[in-house]
Amino acid sequence: MDRAELSITVHRSGDEAVLRLAGEIDMLTAGQLSTVVNEVLADPPPRIVLDLAGVTFCDSQGLGTLVVLSRKASHAQSLLVLSNVGDFLLRVLDITGLRSALMIRNETAL
């Protein structure tokens with residue numbers, strides 16, 4: 001079994017930082033995500049966008065991390081926004097009641 005991996009690329013432009021995530025957000029990678037977001041929050045932009053288009057899995061540790069990071073961003077006067085959230089993750093957020101705790105902006109092509 002392969003070890004879960006998460007790659008994160010950070011792009012800052014204007015008033016936002018976009019973090020593109022690819023892979024799994026779980027107990028093995030949640031710390032990595034926290035570290036990167038905390039680095040961005042050292043000089044907080046008005047908005048931090050987590051682009052989750054490449055995320056293939058998210059466990060309970062990952063969900064908890066997203067909520068904690070959203071709160072940390074709020075305390076730093078920044079807004080954490082999840083974009084391109086997959087159907088599987090939207091369903092989990094609905095089931096757990098966490099969808100209302102997170103800002104979600106999905107661009108859907110019509």
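Asparagine 84 is partly exposed in this predicted model, and its relative accessible area comes to 26%. The residue sits in the loop that links E4 to H3. Its phi is positive, about 55°, even though asparagine 84 is not a glycine.

Glutamine 77 is another non-glycine residue with a positive phi, here about 65°. Its home is the loop between H2 and strand E4 (79-83). With a relative accessibility of 68%, glutamine 77 counts as exposed, because the cut-off for that class is over 50%.

Next comes helix H3 (residues 87-96), whose buried residues are Leu89, Leu90 and Leu93. These leucines span an arc of only 105° around the axis, so they end up on the same side of H3. As a general point, an α-helix has 3.6 residues a turn, so residues three or four places apart point the same way. What lies over the buried residues of H3 includes strand E3 (47-58), H2 and strand E5 (103-105). Turned away from that buried side is a face carrying the exposed residues Asp87, Arg91 and Ile95. After H3 comes glycine 97, and its phi is positive too, near 80°.

H2 also has a helix for a partner. The axes of helix H1 (residues 30-41) and helix H2 (residues 60-75) come within 10 Å and cross at roughly 10°. Angles under 35 degrees count as roughly parallel, so H1 is roughly parallel to H2. On the H1 side, the contact is made by Ala30, Leu33, Ser34, Val37, Asn38 and Leu41. H2 brings in Gln61, Thr65, Leu66, Leu69, Lys72 and Ala73. Sorted by class, the residues in this contact of H1 with H2 are seven nonpolar, four polar and one charged.

Just what goes on in the loop between strand E2 (16-25) and H1? Aspartate 26 is found there. Is aspartate 26 buried or exposed? Aspartate 26 has a relative accessible area of 7%, and it counts as buried because the limit for that class is under 20%. Its side chain reaches the backbone nitrogen of leucine 28 at 2.9 Å. Setting aside neighbours within four places in sequence, aspartate 26 is in contact with Ala4, Phe57, Asp59 and Gln61. Of these, Gln61 turns up again among the H2 residues that make the contact with H1.

Methods
Residues are numbered from 1 along each chain as its sequence is written. This is a predicted model: local features need pLDDT of at least 70, side-chain atom pairs count only at pLDDT 80 or more; totals for chains, interfaces and linings use all residues. Side-chain values use heavy atoms; hydrogens and water are left out. Axes are lines fitted to C-alpha atoms, for helices over the stretch in contact, and angles run from 0 to 180 degrees between N-to-C directions. Helices (H or I, at least four residues) and strands (E, at least two) are DSSP runs, numbered from the N terminus. Angles under 35 degrees count as roughly parallel, over 145 as roughly antiparallel, 65 to 115 as roughly perpendicular and the rest as oblique. Contact means heavy atoms within 4.5 Å. Ala, Val, Leu, Ile, Met, Phe, Trp, Tyr, Cys and Pro count as nonpolar, Asp, Glu, Lys and Arg as charged, and the others, Gly among them, as polar. Buried means under 20% relative accessible area, exposed over 50%, partly exposed in between (1.4 Å probe, protein chains only). The arc is that of the directions from the helix axis to the C-beta atoms. A polar contact is a pair of N or O atoms within 3.5 Å; within protein, one must be able to donate a hydrogen and the other to accept it, and residues adjacent in sequence count only if both atoms are side-chain atoms.
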